[in-house]
Structure formats: structure tokens, C-alpha cells
There are 4 protein chains.
Amino acid sequence: MHRIRTTKTETNRAILLLHCPDKRGIVASVTDFLNQNNANIVSLDQHVDHEEKVFYMRVEWELEDFGIPKEKIAEFFGTLIADKYAMNWKLYFSTDKPRMALFVSKMSHCLFDILSRYTAGEWNVEIPVIISNHPNMQPVAERFGIDYHYIPITKDNKAEQEAKEIELLKEYEIDFSVLARYMQVLSDDFVSRFPNKIINIHHSFLPAFAGAKPYHAAHARGVKIIGATSHYVTSDLDEGPIIVQDVTQCSHIDTVESLVRKGRDLEKIVLSKAISKHLERKLLVYKNRTVVFN
Amino acid sequence: MHRIRTTKTETNRAILLLHCPDKRGIVASVTDFLNQNNANIVSLDQHVDHEEKVFYMRVEWELEDFGIPKEKIAEFFGTLIADKYAMNWKLYFSTDKPRMALFVSKMSHCLFDILSRYTAGEWNVEIPVIISNHPNMQPVAERFGIDYHYIPITKDNKAEQEAKEIELLKEYEIDFSVLARYMQVLSDDFVSRFPNKIINIHHSFLPAFAGAKPYHAAHARGVKIIGATSHYVTSDLDEGPIIVQDVTQCSHIDTVESLVRKGRDLEKIVLSKAISKHLERKLLVYKNRTVVFN
Amino acid sequence: MHRIRTTKTETNRAILLLHCPDKRGIVASVTDFLNQNNANIVSLDQHVDHEEKVFYMRVEWELEDFGIPKEKIAEFFGTLIADKYAMNWKLYFSTDKPRMALFVSKMSHCLFDILSRYTAGEWNVEIPVIISNHPNMQPVAERFGIDYHYIPITKDNKAEQEAKEIELLKEYEIDFSVLARYMQVLSDDFVSRFPNKIINIHHSFLPAFAGAKPYHAAHARGVKIIGATSHYVTSDLDEGPIIVQDVTQCSHIDTVESLVRKGRDLEKIVLSKAISKHLERKLLVYKNRTVVFN
Amino acid sequence: MHRIRTTKTETNRAILLLHCPDKRGIVASVTDFLNQNNANIVSLDQHVDHEEKVFYMRVEWELEDFGIPKEKIAEFFGTLIADKYAMNWKLYFSTDKPRMALFVSKMSHCLFDILSRYTAGEWNVEIPVIISNHPNMQPVAERFGIDYHYIPITKDNKAEQEAKEIELLKEYEIDFSVLARYMQVLSDDFVSRFPNKIINIHHSFLPAFAGAKPYHAAHARGVKIIGATSHYVTSDLDEGPIIVQDVTQCSHIDTVESLVRKGRDLEKIVLSKAISKHLERKLLVYKNRTVVFN
């Protein structure tokens, strides 16, 4: 489907995400570096974890009028600032459009929510491919004009099928992947290739009800609130750094089926919020926890 | 688009919605009537408004084994029970599939949310037509295989254009309409033809910020929470009976634009919840307020 | 402290709580029994668990004009209705004022919340005694004019000290106990004497972070929402039937200390809500889950 | 009542709150000023309103090791930084304990919540006086050992009685006042003397249901969510800058009385959160809106 609205024009901006051991003077150094070079700072957010003694920062500025040529910024910032503070940092440009792959199984609610936002031009992203272990969502992919690869997985063929998937991610030049209710556990080998590059939605309020059938477990336990959790995938199942969580009320009148129904709305919104944060370069991971900038 | 899942098979059930002046014995009379005729009651919910002295009830039962033939239930219930208590009542059958019309303007988020659920077979509904005062959503309608009628409205042609719309609703045998961010005020004449048959989504927490540009007003007032409200349309703008409301937090860092963005997620979920309740025959209106059964 | 407002005068009402195997005709039988005897039903709520095939009901009616004398209701209902349906049931009278014991340790927030409501006459309850394993809350008890018993507990003296506590509960004619952040695990023996008669508040969103130091665990896991859970105490620690849960948002900027601070507000409200439901006779327990009537 | 816990020892810190026209270099200038003088920055938060072109900042640092003597900081900061950027600023010290007056009428829930936190040493505040237009809360004040002044107000004596209140605020050296469900409208003259120094709790989700009897109005309108709003008092009734808002769900089964009951829990928590923010010097007011720092 052609876009119903063109993606909102991103002005020409740079985004810097960094963390480093906390020290005096980091904020002053970074802001001074930007000011000296005539940056128009659009947003600046920083956080100090006083326990871990780690400094986190996100700063976004307009490149128009900026004194350092775009292709030289990394070199200059690295040499003049980052090395001095032993920073772990990344520089992004708003004009680069990340490429996202979707993994789905049989359920459509998260897929539709993502493709609706994509079609409406809500995100600065390209979605060239959908990968699935089931054929069910192929018609949806077709109507939205996105390639669909059906890669069924069994215990026996898992390694070779995942190899195909990895190949596809390379071919389509994918920057990060989203598991939109993809009901297959990725192998450690797969996951370890893409650190903080795979976003999953788990249909419970983690760490409660990790693993299979969380709504059944929630119903059996008689909880009065259910939740959904989006997180980066790590080799520990459902143990990766949490990005967004949300909850909704339930009661004794809920059945497993009605929890599933209520949960769908949570899942899709929570997953899409996580994707937004990732695309806006507002996520930093440190020691299995996320810093989520505003 | 063909359905990706067939609509969930509704078993053969009857649903009775009623209200009447409160009196002793109504619950016993109704349940006794059903039991005597071998009804398998699936759900029963009742409420008494002690101030207004009004009794409300919703009861749903399986028709298999029920002693009264389907086409005779209304007659029997009316004569034996309803008349006795001066009930205002309606009988529905789960095998009847309501026909819903969508009214949209330029925004796609509510439309996509509704069509996604429709395609996934989440609701027992038929959506044969989308009506709009703008051409923008036509491509969306096409891909979902739904007729789209572009009926532009100006001050001068409003009466005749609304006449066309009313004609369309008749042609398509529409049972109820949903204004999915339809940015045109319906005339009193239009509204008065369809009491409790038009569901609207207003992008504020009513009664706060009724009327135009509620996100601008919310931003100007500096609220810390924004909301969305679905309601039945009456001739008083934004004053109809409220069905569902929900809210989300905001803060000083929000701009009008970010409120609009946050609000979209609220609006689509709140509107779809209201549609669900309407389709499940769980809504009763009395004196501009709704009873929303579980 | 003398009450600043007298407890709201409870009108003379009966409350019936029951559950039994689901069968046709129960609602009709119970309501008919009440109607025949001229009951003015104030509220009626019922629920069927179709999986477990269990019927639950709560009905409240005014005793004025009721045809059966108060002291005969149990006998009549038991013989005429309850036995027929193998009901598990209890009859309560609004004029009976339950007697509640409080168990506290060093923290005051839940204690103050409870005593504030008590002093304001918000609940139909008598609180004659506070029991603690620490002396810290004695001044609070004194100012509210409530007996305080300091019963320190060590591994070695646990059995005999609990025996003293049980003796106190008997002496003060206690109907149920509330652990208002009482930081001592009660022995199985103690707990088994008071099934569904001890309400606890756990400072996490159970089943997440059961056991000690939940805020530390929540912080370490990096959750974006924290919660509190009130439940009936069973011999399985933090595994009893959940009564009320609530949550609040947190983020990377929260420290363990700020989570503790946020959590206090949740804990006190969630615990007091559970006490309200218990006092209003709106809780039924079945297979480690609660039915919470409106 | 003696404190059950001494107020948490505040370390020796300075807090700077400022806003000014947005310009390049402010963050760098302020942080550089602090770093040059060896400040250990504990927290730094800033915000730019790009529409209004206003820069807001809050920075907190430890005074130990700080190079400028405490009593000279204002002079130095004013001369070296603030004047340069035309800043509107205030300097606070954590060792100064603000003095708060409480205004109450007949309801105790907010009063108890505040006094409970005060007694538990949760806040860095002194509460030397409670003022009321009713005698009802005198016993509560006595038990907490706080002076209580009963100043009844009629249409005829309002001016002179408010003069007495203003005298009391002077006598007790009050820094700011909290209206804890004080059911008297303060005169414009009174309010204008204490800009951003009077915090009120309104029992609705403002701007919905401003004015008298908001729960009655909410019930009549049939809303599905009710709220509470804390705000600074201005001469426009219920129109002052909003500090904190929160909401809770309601439904058709709620009566005005049950809304009042639910609302009490909201009101007390929302008001106490606003007081916390005020005491932590995390509130800035600009054009009738608040910036609420984390």
C-alpha cells in the first residue's frame, strides 16, 4: 500500500547517546563543545546513576549552522571529548532512516498496529521485510506491499532456518528486528549476533509469568491486574532489559479468553511505544537495564 | 482484504436488555421465566439505581434446548413478563450480525484500529461502507475491500449531503454508525434519526475540553493528564451519554504535537472498546447516562 | 483519641454470601425466597465460573419488614434453600461490628492510614488492639487510644510468643487480623487457625518479587512499574488469594529509596481497600482465588 | 505527638531554580560555574519550552567542598551568571526547614495524611499551626501537638477574619499554606499576597467540574473516571497552575456517596504529592503552568 501520508520530514539533526563513568564536568564539556561550534540544541537529557557511578546523556541538535561538517563530527567529538571521559557513545543522524524487520507468527494485532503507524508515516523507518514461521500473515503483508518470507521452524531444522533468516536480515540491510508476537524462541547464537537490536513483546508484566502461557498462569493465580512488557532480547528468555510496561485491571469475571482479549490492546501499544523510543534514539542499555530518555 | 480469520462462530444465543421502574420480584420473575423454559443462562447482570428507582438487567442464554421457539420469544416475554413490569426492553440474537458504517475524515489511526479488528474477526459485525468528507482514506478502504463514499460538506450543501449519507445508510442497511475522528458536526436532524445509534470519539476527557482543538486547550491549561471519551451522539455537541473513557499522563515537556501523538493511542483503544460494548449488547442508556454491563 | 465522627449508622441489614455447584434456578430460588418474605433487596451480585462450574452470590437486604425474624433467618435459609443446592454460605448482619487486630513492626504509613479511617468513622469496625514485634509504634497506638502489645520474636521464642498472640486475639475477641507491614513470617500453625481471617500487604505486584526486599529486586530488574498486593495469608508465603492490587510508574531515575517512597502510598491504599472489601462482606475465596463483589 | 522518627537528616545542599529567555550556552555556563567552584552536582534537570522560548533549570549540589561560602553564593551567582542571562531565579538550602500552615474545614482525610507523613518524618517541614473555619478538627490537632485556630467566617466578617489569618501566618513565620479541603474561598486580597505560596486540592479532574459539588456534577454527567487536582491558588477560582492530577475509574454502579469515598483516597495522595514537590523545590511556575522537575 502506498503511504497515505509521507513520512514526516525530519529536519537535519544529530543525536548523541553516551554513557561513561561519572565525573565532574561532563555536562559542561559536552555542552561547551556544542556551543563553541554553534549548535542549536533541540533537547538535552542526562542522568547520573549515583550507585553505579555512571553518567548517561542524550543530546539532539540541528546541523544547520553547526560548525563541524557532518562527516567529521564523530572524529572531532571522539578525539576532543569522548576519549577524555572514556565514553561509550553513538552518533545518529535524523536523515538516516533505520530499516526494521518484523517477525510474526499467527496473530495480527501487533502487526496491524505497526503497519498502520508505518502507513500513516508516524515513524522514521523503513520496513522492507516480514519473516514468519507461519503463512497466515502473508495476505496482510501483501496488502501493505511488504515482502513476506515464510520460514517454518522445527526442532530439526532450526539452525539452518535461522541461518536463512540471518541471511535475509543481511540482504535487506536490516538495522533492527521486532518480534511482533513471534512464537518461536530464537537461539542463543542468533540473539548474540544482534545485541540490543531485537525488540520483543511479552504478554505479561515481567518478571511475573515469564515463559509460555502467561494469561493462563495469571488466571490461575487470580491476579487483579495483567500487563505487557517490551524488552530487548537477550539469551536469557524473557530476562532482557525492559523498555516499556503497561497494565490493565482484571477481575474474577475474566476468563483466560477475556484476558487474552484485553491483553492484545496492551501488547500492541506497549510494543509500538518501545519501537518509537528505539527509533527516536532514546534508549541506552547498561547492565541489563534501560535508560529511557523523555 | 479477505478476512485473515473467519469471525468467531457465535453460538446460538439470545440477549435481553431491559430497564423498568424498580419493584420487588423482577429478578425472580425473569430468571423463573427462563428456567421454566429450560434456558441455559450464560450471563446475568443487573443493577438498581436506588435514586432514580430504575431497574436494569442484561441476561444472555443459549437457545439450544430453550423451550420457546426463537421467533416466539419476544411475544411470550412481552406478554408474560415485560408488560407486567412496564419494561423498556430489547431482544437480540447472537446469530444476527449488525451492520456498521464508518465516518472518517483525514486521520487513519482509529480507522486502522477498527479495520484491523474487523479483519482479524475480533467482532461479530459487518462493515460494508465508509463515508468521508475527504478523499484521503479511500486507499485504505480499497485495500480492506470496503466501499468508500466521498461526500464533501460545506455550509451551503450540508443538508443535501447529509440526505445522501442518510440514503447510503438505508441502502447499506446500516444498524449503527461510528465516527472514527470524523471532523464534521452532524446536524440535529441527522442525529435525531439515530438515537443511541451513532458512536463518537472525542479527543479529550469530557466534559473537560469539549469542542474544537482539545489538545491545544489541554496544553494551554497545563493539565498533567489527558484523556479520550467515546459517547453516543446527541444533538448537544459532546454532551451525549459517555460509554468509555481513558487517560494517560503528560507533563510540561509535552507540546501540542506530542499530546496529539499520545492521544491517538488513547482514542483508538477507547473507541474500539465502545464499539465492542455496543456489539456485545452491553450498553443501556437512561437519562443521558450509560449502564455498561461487564 | 475519641472518634471525630461517630461510625456511620448502619441500617439494619442482612448480607448473604454463598457459593455452590452451578445449577439452573439458583438465582430464582434465592430471590424468590427473599421476595416471598418481603425483603427489600439493596444489592444483588452473582457470578458463574463456567470453567469450575461454581455459582457465587452476594445479596444484601433490609431487615425492616422482612418476614422472618433475624435469629431464624439462618435456620430457614439453610433448610429451605442452602441444603437443596449444597451451598457453602454465610449470613452476616450489618449491626454486628467486626473486631480487627493490627500487627505492625516499625513502619507507620499503613497504620496511620488505617487509624485515620477508623477515627473518621469510615468503617464499621472495632480496633481494640495492636500487636507488634517492635516498640516503635506504641506512641501512635497511645494517641489513638488503642492497646499496644509488644511481643518481640526470635527464632527461639517464636512458638511461645505466637501462643501469646493467639491468646490476645482470643481475649480481645478478634474476628480478623491485618498485617500492616508486619515484618515477621507467621508460622503455619498460626496461619492455619485463621483461614481467610488474616489480610497482608505485600510490597510488590505479586507474583513478581515475592519474599524479602521486593523494591531492591524491582530496581535490579529494571521494571518500569511497581505494585502492591493485598491478600489473605496462607501457609505458602505470599501465595494466598489476592484481594486488591495496584501499580504506579517508575523509571531509570528511581533509586531503591524512591521506589520505597512511592511504594508506601500504594501499600496503604491497597491494604485499606482490601480491609474495606472484607468489612463489607464482599469477598469470597474459592481455590486460592477471590471473588470481589462490587 | 512527638515525632516517631526524626526528620531525615538533610545533608548540606544548595538548590537553584531558574528560568530565563532561552539562549545558547546557559547549561554550559551554569555547570561550568558550579564545576569551577568544585560543586558535587547531585541532580540537574533542565527543560526548554521552544514555543515560549523559555529555559528552565533545577540544579542541586552538595555544599561540602564547594568553593564559595554559603552566604556568598547568591551574590556570586547573581553577578556572574544570572544577570548575564536575565534569569528569574531562587536559591534554596536544604538546611532551611520551610514552615507550613494547614487550612482545614470538617473533613479529616487530607489532614491525617499530611500529619502522618509529618509525624513519620517523611518531609523536611515544620507545621506549627492549623487554621479552620470549623472547630471539628481541633482534637486531631491536639493529639498531634499542633496549635489550632478556629476562625469562623461569614459573609459579613470575612475581611476581618482573613486579616486575623494573615496575622497568624506572620506570627508563625509561615512560608507557605496548604488548603487541605478548606471549604472557604479565599478573597482576592488574601490570595494576591501569597503568589505560588498556597496549595489547594480540588476534588475533580480540572478543568472539568470546577466550583462546588464536583462529585454531584460528575455523577450527573455519567463520567467513567473521576479525578483530583492540586494547584497553586490564584484569584481565579480553580484556575491556578496545576501541580499534580490523578484519576480513578468509576461506573454506573457508583452513587455520589461512593464517588466521594473513592475521591478521598485520590485527594489525599494528590495533595501530599504536590506538597512533596513544593518542599523539594521542584516546582516552577510560568504563565499559569508548572514545570515539575523529577
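Which side chain meets Glu239(D) in a salt bridge? That of Arg221(B), at 3.8 Å, N to O. Let me place the two residues. Glu239(D) sits in the loop between strand E10 (225–232) and strand E11 (242–249) of chain D. Arg221(B) belongs to helix H7 of chain B, so this pair joins two chains.

One caution before I go on. This is a predicted model. Please keep that in mind throughout.

I'll start with a single chain. Chain A has eight helices and 13 strands. Its C-alpha trace spans about 60 × 45 × 40 Å along the principal axes. What radius of gyration does chain A have? The value is 21 Å. A compact globule of 294 residues would come near 19 Å, so the two agree.

Now to the contact between chain B and chain D. Chain B puts in 31 residues and chain D puts in 30 residues. The buried area is about 2700 Å². Carbon and sulfur atoms give 59% of that area. Which residues of chain B lose the most area to chain D? They are Arg221(B), Lys224(B) and His252(B). Together they account for 26% of what the chain B side buries.

Next, the charged pairs. There are two salt bridges between chain B and chain D. You have already met one of them, Glu239(D) with Arg221(B). There is also a salt bridge between Arg221(D) and Glu239(B). Its closest N and O atoms are 3.9 Å apart.

Polar contacts next. Between chain B and chain D, 16 residue pairs are in polar contact, with both residues at pLDDT 80 or more. Which elements of chain B give two or more residues to this side? They are helix H7 (214–221), strand E11 (242–249) and strand E13 (289–292). E11(B) gives the most, with six residues. By class, the chain B side divides into 16 nonpolar, eight polar and seven charged residues.

On to symmetry. A rotation of 180 degrees superposes chain B on chain D, with an RMSD of 0.0 Å. The shift along the axis is 0.0 Å. That is the relation of a two-fold axis. Which residue of chain B has its C-alpha nearest the axis? That is Ala208(B), at 2.3 Å. Then the surfaces. Of the interface residues of chain B, 97% are also interface residues in chain D, so the copies meet through the same surface.

Let me turn to chain C and chain A. Here 31 residues of chain C are in contact with 31 residues of chain A. The area buried between them is about 2700 Å². Carbon and sulfur atoms supply 59% of it. In chain C, the residues losing the most area to chain A are Arg221(C), Lys224(C) and His252(C). Their joint part is 26% of what the chain C side buries.

How many salt bridges link chain C and chain A? The count is two. One of the salt bridges pairs Glu239(A) with Arg221(C). The closest N and O atoms there are 3.9 Å apart. Polar contacts across this interface come to 16 residue pairs, both residues at pLDDT 80 or more.

What about the elements? On the chain C side, helix H7 (214–221), strand E11 (242–249) and strand E13 (289–292) each give two or more residues. The largest share is from E11(C), with six residues. The classes on the chain C side are 16 nonpolar, eight polar and seven charged residues.

Symmetry for this pair. Chain C goes onto chain A by a rotation of 180 degrees, with 0.0 Å of shift along the axis and an RMSD of 0.0 Å. In chain C, the C-alpha nearest that axis belongs to Ala208(C), 2.3 Å away. The same surface serves both copies, since 100% of the contact residues of chain C recur in chain A.

One number for the whole structure. A search over all chains finds 72 salt bridges.

To close, back to the opening pair. Glu239(D) and Arg221(B) meet in a salt bridge. Arg221(B) is also among the residues of chain B that lose the most area to chain D.

Key:
Residues numbered from 1 in each chain as written. Chains lettered and ligands numbered in written order. Predicted model: local features only at pLDDT ≥ 70, side-chain atom pairs only at ≥ 80, totals over all residues. Heavy atoms only, no water. Contact = heavy atoms within 4.5 Å. Buried area = accessible area lost by both parts, 1.4 Å probe. Salt bridge = Lys/Arg side-chain N within 4 Å of Asp/Glu carboxyl O. Polar contact = N/O pair within 3.5 Å; in protein donor to acceptor, adjacent residues only side chain to side chain. Helix = DSSP H or I, 4+ residues; strand = E, 2+ residues; numbered from the N terminus. Nonpolar A, V, L, I, M, F, W, Y, C, P; charged D, E, K, R; others polar. Least-squares fit on C-alpha atoms with pLDDT ≥ 70 in both. Rg over C-alpha atoms; globule rule 2.2 N^0.38 Å.
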